[in-house]
Amino acid sequence: MRRVLLPLFATWLLAMPALAAPAPVNHAARLHALFEADWEWRLADDPVMASLLGDRRFNARWRDLSPAAQARRVSHARAMLRAVDAIPKAELTAEDRLNAELFRREWRLWTEEQRFRWDTLALTHKDGVHSIDELLPDLRFETLQDYRDWLGRIRAYATLVHQTIDLLDEGLKLGRVLPRVLLDRVPAQLARHHVEDPSQSPLYAPFKQMPATIPAAEAEQLREKARLYLGRNVAHALGHYEDFLRTEYLPKAPTATGIGHQPNGAALYAHFARKHTTTDLSPDAIHAIGLAEVARIRAEMTRIKDRTGFNGDLPAFFAFLRSDPRFKPKDAAALLQSYRAIAKRIDPKLVGMFRTFPRIPYGVDPIPDAVAPDTTTAYYMPPAADGSRAGTFYVNLYKPEVRPSYEMMALSLHESVPGHHFQIARAMELQGLPKFRRYGSDVTAFVEGWGLYAESLGDEMGLYENPYDKFGQLTYEMWRAVRLVVDTGLHVKGWSRDRAIRYFLDNAAKTEHDVVNEIDRYLADPGQALAYKIGELRFQALRAKATQALGARFDKREFHDMLLAEGALPLELVERRVDAWIVARRKR
């Protein structure tokens, strides 16, 4: 029996069609599907970010700040880390291994920060639910749906305010509150919402001038609803918010400055230092680097001062620069015109430094009047991802007499081109990168380090035409070196706010108004200020390394293009990339 069955079984087996081998898993496709799904989640989770990128799908919503939403974010972050870790890196190309590494880094840093509950600090002297109208210049109001969406946001505004109050109250319980000296600025900012007529509310501004393409009847209906919501829901919610700040929040704000006084402050600051510098440098090491850079730049300042023929020491020269009328613009309009003229001077010089240029342009506009007194000298707003809005270099026109002309060139190089606009707009146009790297990557040491490095390129571009302009560039470099000292001083070494202000004024020619706003910025955003000088020093060291290694074969245009060709990267990866470029250049 057995003899018969075995041959029959073998014959039957041979007659069977071949079983299909399991299809090989496309791990690259899995990885990029993960990136795409996560990016869609990010846009839906942060509707304002989506709007600023030009994605209008979520224009009627605010970000959900409820505890349930925060729990969903934590769950999503953990899921993303599990998913990216499950993809075998050996099966990926070098490019995708880098993508996976950067993706994991973002979510790891987010989950680490979440343990400290920094998100409960939902109010600073520069930002809060009461300043949401600052978004308006960067949103599109072209279609009927755009206005309906903004009306939807006005209708949902009260919920956002109440969620913010709950978050701030939780922060009070955890000890996550900014110093009282910063928060005392907020009541004056809230005052602009005290309007008898809802049509005078800052949030009503888009309805004052609506396109003629919108039928008059529908336009008036939208205006009527906006006035109704603003006069009832929004006014009531902001009144509750103001009462909470006055009676609960501000009285409990600490007089001590620096997060070293907060629960787990040392560990939190160490996290911010790692995050923003993308290095493992300790706060003490960063402080020491800052002191050394201050001494080096101060010596260079003395040499430039002597070139001007000024008779006096450096403090006397600072006082001269702050007070001499020749460096003060006539008025705000003249200041804005000067910034725009500087931008035109820079543009033709770029061809000597780069081969590849971003396609999307940038403009120079004033910072909104409502926030200008409490914010810094300038900032940059990236373009919309869909090309519907150019990049914008925002300049502060408040008190033009404290905006000296000798600073303007260095600031323009940093914030526009070849600084932030050049780097960020180019990254947004890199079609081969996943969207989280093109639009959402938060690698401060690269972005701000590049901006400061861009200021130094003004020498090679022939843009510092006199000793005062060069001194302005050194003032800005000193500003960033001072940051290393005062930021670590405030948050780790127990410095007072007054001590930090005095140290700043003693070492830089910036005006006192600017210095106070800068110190308050560092108190509100610990560690962020460390990124600039640490990043710039690394860019300069890598250029020196490449120049020495390649000699006459070094091409600065090719070097700069290479640095920007992969978007923002942690400094360790930038160094790895430069080393590979040097090897390839030698072979070629």
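Is E36 buried, partly exposed or exposed? Select E36 and take a look: E36 counts as partly exposed, because its relative accessibility is 34%. (Buried means under 20% relative accessible area, exposed means over 50%, and partly exposed is in between, with a 1.4 Å probe and protein chains only.)

Before moving on, some ground rules. What you have open is a predicted model, in which local features need pLDDT of at least 70 and side-chain atom pairs count only at pLDDT 80 or more, while totals for chains, interfaces and linings use all residues. Residues are numbered from 1 along each chain as its sequence is written, and side-chain values use heavy atoms, with hydrogens and water left out.

**Stop 1: the whole chain**

Zoom out and switch to a cartoon view. You will find 23 helices and three strands. (Both are DSSP runs numbered from the N terminus: helices are H or I with at least four residues, strands are E with at least two.) Along the principal axes, the C-alpha atoms fill a box of roughly 115 × 70 × 55 Å. The radius of gyration is 27 Å, which agrees with the value near 25 Å for a compact globule of 588 residues. (That radius is taken over C-alpha atoms, and the globule rule is 2.2 Å times the number of residues to the power 0.38.)

Now try a surface view. The accessible surface comes to about 25800 Å², and 55% of that belongs to carbon and sulfur atoms. (Areas come from the Shrake-Rupley method with a 1.4 Å probe; for residues, only the protein chains shown count as cover.) Of the 588 residues, 55% count as buried. Among contacts with a separation of 6 or more, 79% are between residues 24 or more positions apart. (Contact means heavy atoms within 4.5 Å.)

**Stop 2: salt bridges**

Go back to E36 and add K435. Their side chains meet in a salt bridge, 3.0 Å from N to O. E36 sits in helix 2 (residues 27-45) and K435 in helix 16 (residues 435-438), so you are looking at a link between distant parts of the chain, 399 residues apart. (A salt bridge is a side-chain nitrogen of Lys or Arg within 4 Å of a carboxyl oxygen of Asp or Glu.) K435 is partly exposed too, at 30% relative accessibility. The structure holds 56 salt bridges.

Next, pick D243 and R246, whose closest N and O atoms are 2.9 Å apart in their salt bridge. These two are about one helical turn from each other because they are three residues apart in helix 9 (residues 216-249). D243 is partly exposed, at 37%.

For a contrasting setting, select E477 and K533. This salt bridge spans 3.1 Å from N to O. It links E477 in helix 18 (residues 467-491) with K533 in helix 21, 56 residues apart. E477 counts as buried at 7% relative accessibility, and K533 is buried at 0%. Add E293, R296 and E536 to your selection: salt bridges with shared partners join them with E477 and K533 into one network.

**Stop 3: aromatic rings**

A pair of aromatic rings is described by the distance of the centres and the angle of the planes. (Rings of Phe, Tyr and Trp, the last by its six-membered ring, pair if their centres lie within 6.5 Å; planes under 30 degrees apart are stacked, over 60 edge-to-face, the rest tilted.) By this rule there are 36 aromatic pairs. Try F446 and F539: their centres are 5.2 Å apart and their planes at 80°, so the pair is edge-to-face. F446 is in helix 17 (residues 444-460) and F539 in helix 21 (residues 530-550), so the pair ties together parts 93 residues apart in sequence. Both F446 and F539 are buried.

Then highlight F310, F317, F318, F320, F327, Y406, Y468 and F471, which ring pairs link into a cluster.

Two arginines come next. R480 lies over the face of W479, 4.3 Å from the ring centre, and R483 lies over the face of Y532, at 4.1 Å. (A charge sits over a ring if NZ of Lys or CZ of Arg is within 6 Å of the ring centre and within 35 degrees of the ring normal.)

**Stop 4: two last residues**

Where is D119? Look in the loop between helix 5 (94-114) and helix 6 (144-174). D119 is partly exposed at 25%. Leaving aside residues up to four places away in sequence, D119 touches Q70, Q114 and L167.

Finish at R497 in helix 19 (residues 497-507), which is buried at 18%. R497 and A256 are 241 residues apart in sequence, yet 8.9 Å apart in space, C-alpha to C-alpha.
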